[in-house]
Structures are given as structure tokens and as C-alpha cells.
Amino acid sequence: IPTFIDNATSSPVVVNEFSNVTMECQARGRPTPYITWFRRINSEDNQTKSESQLLTNNTNGQLHLFNVSRSQMGHYECRASNGVNGHVVSKDIELRVLCKYI
């Protein structure tokens with residue numbers, strides 16, 4: 001069963017607009033868990049939908065975002081799974097983007 005290691009990215013993550021950011025989730029287990037990143041999608045009435053946008057799936061647990069814009073603000077979820085008994089653990093990380101005025 002995968003378990004998260006708490007020394008990865010904590011929430012919220014605050015970055016300046018147009019900068020780069022790397023968020024990380026670390027999990028351990030046997031076999032080695034895959035980390036899947038999702039971005040939660042909000043509906044127009046601001047209710048969180050059950051579906052999410054798949055962003056990446058890897059074993060290093062990193063999600064790289066480049067030239068971040070305000071439209072990327074929101075909640076990101078990393079899920080760790082290694083296929084053992086269908087167990088999945090997840091962690092929510094909020095991304096906040098500070099506006100840059102010219």
C-alpha cells in the first residue's frame with residue numbers, strides 16, 4: 001500500500017505570475033508507486049466537479065509548470081498507486097498565483 005512522505009510540497013504554493021514552479025509528492029511502497037497529478041476543474045457556479053484534468057503520470061512525483069498564469073490557480077491533486085489491492089492515496093495542493101502588474 002503506498003504511503004506519502006511528508007517532506008514534499010506543502011500547501012498552499014504561492015508563486016509570482018509568469019514564473020516557473022515545481023510541485024512534488026513523494027510516496028513509498030512496493031512495488032514503487034506511480035504518482036498521477038490532476039488539476040481539479042470547477043464548474044461555472046464554482047462547485048468542484050468530480051472530474052479532473054490529468055496532467056502527468058510518473059514515479060518521481062514532480063509536476064513542472066512553466067510561465068504560470070492566473071488561469072492555472074486552483075487545486076492540484078497528486079495520487080499515488082502501485083496497483084496493490086487498488087489502494088490509492090491522494091494529497092491536495094493549492095496553487096496561488098500573484099498578479100504581476102506592468
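**Charged pairs, strands and a nonpolar core**

Arginine 40 has a relative accessibility of 31% and therefore counts as partly exposed, because that value lies between the 20% limit for buried residues and the 50% limit for exposed ones. The structure shown above is a predicted model, and arginine 40 offers a convenient place to begin reading it.

The side chain of arginine 40 meets that of aspartate 92 in a salt bridge, with 3.2 Å from N to O. This pair connects distant parts of the chain, since arginine 40 belongs to strand β5 and aspartate 92 to strand β9 (residues 88-98), 52 residues apart. Aspartate 92 is likewise described as partly exposed, with a relative accessible area of 28%. Side chains of opposite charge can pair when their charged atoms come close.

How many salt bridges does a search of the whole structure find? The search finds 4. Among them is the pair of arginine 96 and glutamate 94, whose side chains meet at 3.2 Å, N to O. Arginine 96 is partly exposed at 39% relative accessibility, and glutamate 94 is partly exposed with a relative accessible area of 21%. Another salt bridge joins arginine 79 to glutamate 77, with the closest N and O atoms 3.1 Å apart. Is each partner in this pair buried or partly exposed? Arginine 79 is partly exposed at 27% relative accessibility, whereas glutamate 77 is buried, with a relative accessible area of 10%.

Glutamate 77 and arginine 79 also lead back to strand β5. Threonine 36 lies in this strand, which spans residues 34-42. Leaving aside neighbours within four places in sequence, threonine 36 is in contact with Leu54, Thr56, Asn57, Glu77, Cys78 and Arg79. With one of these residues, asparagine 57, threonine 36 forms a polar contact of 3.0 Å between side chains. Threonine 36 counts as buried because its relative accessible area is 15%, which is under the limit of 20%.

The next step concerns the faces of strands. In a regular strand the side chains alternate between the two faces of the sheet. Strand β7 (residues 62-65) shows such an alternation: Leu63 and Leu65 point to one face and are buried, while Gln62 and His64 point to the other and are not. Strand β3 has a covered face with Val21 and Met23, and an uncovered face with Thr22 and Glu24.

How are β3 and β7 arranged with respect to one another? Strand β3 (residues 21-24) pairs with β7 in the antiparallel sense, over 4 bridges. Within this pairing, valine 21 stands opposite leucine 65, and methionine 23 stands opposite leucine 63.

Some of these residues reappear in the largest nonpolar core. This core has 17 residues, of which Met23, Trp37, Leu65 and Leu95 touch the most other members. Strands β2 (13-16), β3, β5, β7, β8 (74-81) and β9 each supply at least two residues of the core. In soluble globular proteins, nonpolar side chains tend to be buried together.

Leucine 95 illustrates the surroundings of one core residue. Apart from its neighbours within four places in sequence, leucine 95 is in contact with Val13, Val15, Leu65, Val68, Gln72, Met73, Gly74 and Tyr76.

Terms used: Residues are numbered from 1 along each chain as its sequence is written. This is a predicted model: local features need pLDDT of at least 70, side-chain atom pairs count only at pLDDT 80 or more; totals for chains, interfaces and linings use all residues. Side-chain values use heavy atoms; hydrogens and water are left out. Buried means under 20% relative accessible area, exposed over 50%, partly exposed in between (1.4 Å probe, protein chains only). A polar contact is a pair of N or O atoms within 3.5 Å; within protein, one must be able to donate a hydrogen and the other to accept it, and residues adjacent in sequence count only if both atoms are side-chain atoms. Contact means heavy atoms within 4.5 Å. Two strands pair if DSSP finds at least two bridges between them. A nonpolar core is a set of buried Ala, Val, Leu, Ile, Met, Phe, Trp, Tyr and Cys residues joined through side-chain atoms within 4.5 Å.
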